[in-house]
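I opened the file to go through the contact between chains, the charged pairs and one helix position. My entries follow in the order in which I looked things up.

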Number of protein chains: 2
Amino acid sequence: MPRTAEAKQHIREEQRAHILEAAKRIFARKGLAATVDDVAIEAGVSHGLAYRYFANKEAIFSALVKQALQAPSADQQRVWDMPGTPGERLKWLLSAFVESRRHPEAFLLLGQVLSSQTAPDELRELVRKQSQDLQSTLRQLIVEGQETFEVVAGDPDQLVRAIFACVDGLTRWAVYDPEHYQEHFPDANIFLRLLQP
Amino acid sequence: MPRTAEAKQHIREEQRAHILEAAKRIFARKGLAATVDDVAIEAGVSHGLAYRYFANKEAIFSALVKQALQAPSADQQRVWDMPGTPGERLKWLLSAFVESRRHPEAFLLLGQVLSSQTAPDELRELVRKQSQDLQSTLRQLIVEGQETFEVVAGDPDQLVRAIFACVDGLTRWAVYDPEHYQEHFPDANIFLRLLQP
């Protein structure tokens, strides 16, 4: 029975997603030094098949970075639409922020965009912009939470910086000691204490 | 008046220290991709003078890493010799740990040893060992502090991991945004709340 166009399209989408998953692991490990061949080997597909979906490694890297920005961006949007006090919304956002790091590959990639001298400016701007948006969101919720006495008093910029440091630092463990990353991964409630009055 | 041997020795020590200071900035920025020439230019000395003190860039890197390990190692020793309850000693160590990161270069170097695939195994082992010693020290103080009810209850390994994440994450800011690193640097008291009962 010949495959329908729809079935073919479905296979293509699955193959592309499969290659991207493999690429995420490779780029998280090797950074921009990774090659299309590395990705093809990790995905268990031929060199030629990988090139059918992506013109070069820059295209793969760019697709990965854009994918990695989606979830945090959706979380950030959601926090403004949800009911509850500032403290409750902050708690939700911070927990989502910490929990997302249990799977660190996407965040390792975003970190590489910021620290690499060879990442394209366009991607660096995208990542920076999202980080700044997230900082602004956190800062605003902290200020509102201080007004309702749900958040500890103090310089909100220092509190934002402390939270970002903690959450970014979590993924560093994945670089230093990838095998034991999941072990002892801290509960989000530990970090919520940073803001407790 | 001819220089005495002592005066010459003093000049040599100062020159070596000056070259190492310049090297610290360069290696923190460029990692192991830095060259002896980069270091000489940053230090404002000739290529030849730099080579009089260090055989190659590996020798400079190794001297820097060993220097960077000294202060944390001394802090760790001191915490066992000091008087006070476990909670008080923990507070001292944690504050020293956070405050040391205001000058991030040394810690960026240590991070590079752990994440680089080209750092010598001998150095990687030294850095790993110190990190593990510091984790053990923190863990023991946390357990003792839980017994005296000075530290929040909970899995001590998760607490150690959370603290390390926060402190390591602080130095990431120095990679992403070196110009604004000192601005909004969080007060150590913010991080002490992670352990508050």
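**Entry 1: the interface**

How much area is buried between chain B and chain A, and what part of it do carbon and sulfur atoms give? I note beforehand that this is a predicted model. I find about 3200 Å² buried between the two chains, with 62% of that area given by carbon and sulfur atoms. Three residues head my list: B:Arg161, B:Trp173 and B:Tyr176 supply 25% of the area that chain B buries against chain A, more than any other three residues.

I then looked up the residues in the contact and found 36 from chain B and 36 from chain A. On the side of chain B that touches chain A, the elements giving two or more residues are α6 (105-115), α7, α8 (156-176) and α9 (188-192) of chain B. The most comes from α8(B), which gives 15 residues to that side. Sorted by class, the side of chain B that touches chain A holds 17 nonpolar, 9 polar and 10 charged residues.

Next I looked for polar pairing across the interface. How many salt bridges are there between chain B and chain A? The count is 0. The rule for polar contacts does find pairs across the interface of chain B and chain A, 10 of them, with both residues at pLDDT 80 or more.

**Entry 2: how the copies are related**

I superposed chain B on chain A. The RMSD is 0.0 Å, after a turn of 180 degrees and a shift of 0.0 Å along the axis. I write this down as a two-fold axis, because that is the relation such a turn and shift describe. I also compared the contact residues: 100% of those of chain B recur in chain A, so the same surface serves both copies.

**Entry 3: salt bridges**

Over all chains of the whole structure, my search gives 22 salt bridges. I took three of them for a look at their surroundings.

A:Asp38 and A:Lys30 meet through their side chains at 3.4 Å, N to O. A:Asp38 is buried at 17% relative accessible area, while A:Lys30 is partly exposed at 38%.

A:Arg89 and A:Glu144 form a salt bridge at 3.6 Å, N to O. Which parts of chain A does this pair tie together? A:Arg89 lies in helix α5 (residues 86-100) and A:Glu144 in helix α7 (residues 121-147), so the pair ties together parts that are 55 residues apart in sequence. I list A:Arg89 as buried, with a relative accessible area of 10%. A:Glu144 counts as partly exposed, because its 21% falls between the 20% and 50% limits.

B:Asp121 and B:Arg124 are paired at 3.1 Å, N to O. These two are 3 residues apart in helix α7 of chain B, which means a separation of about one helical turn. Buried or exposed, where does B:Asp121 fall? B:Asp121 is exposed, at 57% relative accessible area. B:Arg124, by contrast, is buried at 14%.

**Entry 4: one position in α7**

Last, I looked up B:Thr137, which sits in helix α7 (residues 121-147) of chain B. Its relative accessible area is 5%, so I enter B:Thr137 as buried. Which residues does B:Thr137 touch, leaving out those up to four places away in sequence? I get B:Gln76, B:Val79, B:Trp80 and B:Leu93.

Note on methods. Residues are numbered from 1 along each chain as its sequence is written. Chains are lettered from A and ligands numbered from 1 in the order in which they are written. This is a predicted model: local features need pLDDT of at least 70, side-chain atom pairs count only at pLDDT 80 or more; totals for chains, interfaces and linings use all residues. Side-chain values use heavy atoms; hydrogens and water are left out. Helices (H or I, at least four residues) and strands (E, at least two) are DSSP runs, numbered from the N terminus. Buried means under 20% relative accessible area, exposed over 50%, partly exposed in between (1.4 Å probe, protein chains only). Contact means heavy atoms within 4.5 Å. Buried area is the accessible area (1.4 Å probe) that two parts lose on being put together, summed over both. A salt bridge is a side-chain nitrogen of Lys or Arg within 4 Å of a carboxyl oxygen of Asp or Glu. A polar contact is a pair of N or O atoms within 3.5 Å; within protein, one must be able to donate a hydrogen and the other to accept it, and residues adjacent in sequence count only if both atoms are side-chain atoms. Ala, Val, Leu, Ile, Met, Phe, Trp, Tyr, Cys and Pro count as nonpolar, Asp, Glu, Lys and Arg as charged, and the others, Gly among them, as polar. Copies are superposed by least squares on the C-alpha atoms of residues with pLDDT of at least 70 in both.
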